[in-house]
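Okay, thanks for making time, everyone. I'll put the model up, and then we'll go through a few spots in it.

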Amino acid sequence: MRAAAAIETFIEMMSAERGAAQNTLDSYRRDLEDAAGFSVATGIQLTFAEPGTIRSYLDDIAGRGYAATSQARRLSALRQFFRFLYMENIRTDDPTSTLDTPKKDRSLPKILSESDVEKLLSRAEEETLDAKSSGAVHLQALRLHALLEILYATGLRVSELVGLPVAVARSDNRFLMVRGKGSKDRVVPLSGKARDAMAKYLAVRDALPNLSTSIWLFPAISESGFLARQVFARELKGLAARAGLKTSAISPHVLRHAFASHLLQNGADLRAVQQLLGHSDISTTQIYTHVMEERLHQLVTEHHPLAD
């Protein structure tokens with residue numbers, strides 16, 4: 001089987017049988033097509049590649065400057081692809097079985113302090129008041145404030161946040177039902193401030209005929225029909241600059257990290273944080289335990305009678 005057909009069949013399987021999200025499918029396709037292009041350049045279809053070819057491909061992307069995390073992701077995609085070919089009797093072996101995963105550094109997430117988050121949220125709320133005289137500007141300010149309050153209250157992934165159906169905001173605004181990775185649903189509670197910001201935004205959104213009929217909470221003129229992640233990220237950086245914060249340290253994902261870290265810092269259980277974040281494996285959540293270690297160190301430093 002030629003590589004293009006095999007990749008297409010693999011993608012269809014991941015979608016139909018495993019319920020992989022579109023972003024995941026697109027990532028698999030890009031990674032596998034890149035590997036297929038390298039393999040063809042060596043004179044062989046990817047479907048017939050040997051371990052040496054896969055190893056050379058990993059060396060090639062390392063030479064192109066790809067980080068160890070990206071190399072590991074590419075190898076993971078190839079492992080799943082060749083396992084699929086083996087299970088379908090297209091191949092009698094798996095050329096990735098003897099390859100080691102590139103070692104990657106486990107970097108700590110960027111964290112915003114509670115005071116910095118407060119500055120960001122306060123500035124967003126102030127701008128909703130300043131913009132009342134202008135309809136479009138007012139709506140944008142209300143939307144950004146609602147997005148930030150919901151994000152910091154729930155720790156949603158940015159793709160989950162911008163793609164929220166409006167129905168979840170109308171059913172019971174004390175909680176949100178979120179569909180996450182692998183089409184898994186979870187319930188996350190909303191803070192009073194998040195509910196208030198969302199209600200003010202909805203009141204203006206629902207009064208506009210071109211938005212009121214949309215099925216999305218944050219509708220926009222886009223291919224998906226809802227606000228693009230890049231637009232939200234750009235608006236967030238602009239807000240951070242106006243709040244006097246360093247824009248390079250601000251992103252929607254950093255606010256998700258802040259949500260998790262601040263919960264742990266204030267005594268939340270790691271398992272509860274795992275559930276709220278939608279992590280399937282608690283090892284993914286454990287990266288945030290460094291904030292607990294810092295808190296313990298601070299407690300000892302401040303309260304131990306012999307601490308310097």
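**A buried arginine, and two helix crossings**

Let's start with Arg79, which is buried (under 20% relative accessible area, with a 1.4 Å probe and protein chains only) yet has no salt bridge, meaning no side-chain nitrogen of Lys or Arg within 4 Å of a carboxyl oxygen of Asp or Glu. The nearest side chain of opposite charge is Asp94, 6.0 Å away; Lys and Arg count as positive here, Asp and Glu as negative, and His and the chain ends are not counted.

Quick caveats: this is a predicted model, so to speak of local features we need pLDDT of at least 70, side-chain atom pairs count only at pLDDT 80 or more, and totals for chains, interfaces and linings use all residues. Residues are numbered from 1 along each chain as its sequence is written, and side-chain values use heavy atoms, with hydrogens and water left out.

Back to Arg79: it lies in helix α4, residues 68-87. Helices here are DSSP runs of H or I, at least four residues, and strands are E runs of at least two, numbered from the N terminus. What does Arg79 touch, not counting residues up to four places away in sequence? Asp94, Thr96, Ser97, Leu99, Asp100 and Thr101, where contact means heavy atoms within 4.5 Å.

Also on the loop between α4 and α5 sits Thr92. At 74% relative accessibility, Thr92 counts as exposed, the cut-off being over 50%. Thr92 is ten residues from Phe82 in sequence, and their C-alpha atoms are 9.9 Å apart.

Now the crossings. The axes of α1 (residues 3-16) and α4 come within 10 Å and cross at roughly 95°, so the two are roughly perpendicular, a label for 65 to 115 degrees. From α1, Ala6, Ile7, Thr9, Phe10, Met13 and Met14 meet Gln80, Phe81, Phe84 and Leu85 of α4. That contact has eight nonpolar, two polar and no charged residues.

For α5 (residues 114-130) and α11 (residues 229-242), the axes come within 9 Å and cross at roughly 100°. That makes this pair roughly perpendicular. Leu120, Arg123, Ala124 and Glu127 of α5 make the contact with Leu236, Leu239, Ala240 and Arg242 of α11. By class, we get five nonpolar, no polar and three charged residues.

Zooming out, the protein has 15 helices and two strands. Buried residues make up 43% of its 308 residues.

Methods. Axes fitted to C-alpha atoms, helices over the stretch in contact; angles between N-to-C directions. Parallel < 35°, antiparallel > 145°, perpendicular 65-115°, else oblique. Nonpolar A, V, L, I, M, F, W, Y, C, P; charged D, E, K, R; others polar.
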